[in-house]
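Reader: I should like to learn how to read a buried polar residue and an internal cavity from coordinates. Could you take me through one case?

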Amino acid sequence: MTNLIKKFLLLFSIISIAVKLTLMTAIFAYPNIISNDNISTNAQEIITLTNQYREQEGLNKLQSNARLTQAAINKAHDLLINQYFSHTSPEGKKFSQWIKEVDYKYFYVGENLAIDFTSSNEVFKAWLNSPTHKENIIKPQYQEIGVAVIEGKYKNRPTLLVVQLFGSRILGENNSSTNNYQPFYGFTENYFPTEKKWQKIVSLNNIERLNKWNNYFLIIILGLYLITYTPANKKNQINIKQPIINRYQAKIFRE
């Protein structure tokens, strides 16, 4: 019975190691842009935190704008695809260009970026501790806002990237355009033209979570195997609890 248990434990250990290697390969091979699952929740949290702080400062609340949201998403995608973290791309493309491309005609625009944070509160506190980022948050000229929170990989490590855009439209301009951008809430495929269906189902966080639990499983299985493991008795090995039963053992014992 014990031998059967050991065989099962050894089999589970081998399977767990194979799963771990598969998961690690999947994590390494994942594209830089992974999922947009966080965009409708964490983005709204950041907008709420921004407006709460502006109200405390006696400023107007910012209205979420579909065009600024689309521009923020496009910029976030570009940051992850081209692996840079800056207001200006390596090719010299300024953040305002992303806003122009969605046909948002503005008087004032601004941008805040954040990376490697795990919650909206942490992001917002870090911005408030930075004079330049805080200046954007409390600038009275801004009327509208768009936020993108994208899960992805930066420098081969999983991360969460935040792009926050502020703007004030030219008087008389509205959101009518040949491009059909949907409202901030209720996102549609128009926001993520390059996202594949499997990217919506499988996220890097889920794979890493599975890898973490697999590590625990492997440790437990190997621990149980070591507990049940007993080395086989080697030939000619003397067992002092048993009488010497042959000449060869007796000879070794006398020596």
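**A serine and a cavity**

Author: In this predicted model, the side chain of serine 16 makes a polar contact with the side chain of asparagine 214, at 3.0 Å.

Reader: Where does serine 16 lie in the secondary structure?

Author: Serine 16 belongs to helix H1, which covers residues 2–29.

Reader: Is serine 16 buried or exposed?

Author: A residue counts as buried when its relative accessible area is under 20%. Serine 16 has a value of 2%, and is therefore buried. In the protein, 38% of the 255 residues are buried.

Reader: Which residues is serine 16 in contact with, leaving aside its neighbours within four places in sequence?

Author: Contact requires heavy atoms within 4.5 Å. With those neighbours left aside, serine 16 touches Asn214, Phe217 and Leu218. As for the protein, among contacts with a separation of 6 or more, 77% join residues 24 or more positions apart.

Reader: How many cavities of 30 Å³ or more does a search of the whole structure find?

Author: The search finds two, and the largest has a volume of about 70 Å³. Helix H2 (42–56), helix H5 (120–128) and strand S5 (157–169) each give two or more residues to the lining of the largest cavity. Among the lining residues are Asn42, Ile46, Ser120, Val123, Leu160 and Val162.

Reader: How does that lining divide into nonpolar, polar and charged residues?

Author: The lining of the largest cavity has six nonpolar residues, four polar and no charged.

Key:
Residues are numbered from 1 along each chain as its sequence is written. This is a predicted model: local features need pLDDT of at least 70, side-chain atom pairs count only at pLDDT 80 or more; totals for chains, interfaces and linings use all residues. Side-chain values use heavy atoms; hydrogens and water are left out. On a 1 Å grid over the protein atoms alone, a cavity is a set of points where a 1.4 Å probe fits but cannot get out, and a pocket is an open set with protein on both sides within 12 Å along at least five of seven lines; lining residues have an atom within 4 Å of a point. Grid points are joined across faces, edges and corners, and a volume is the space filled by probe spheres set on the points. Helices (H or I, at least four residues) and strands (E, at least two) are DSSP runs, numbered from the N terminus. Ala, Val, Leu, Ile, Met, Phe, Trp, Tyr, Cys and Pro count as nonpolar, Asp, Glu, Lys and Arg as charged, and the others, Gly among them, as polar. Buried means under 20% relative accessible area, exposed over 50%, partly exposed in between (1.4 Å probe, protein chains only). A polar contact is a pair of N or O atoms within 3.5 Å; within protein, one must be able to donate a hydrogen and the other to accept it, and residues adjacent in sequence count only if both atoms are side-chain atoms.
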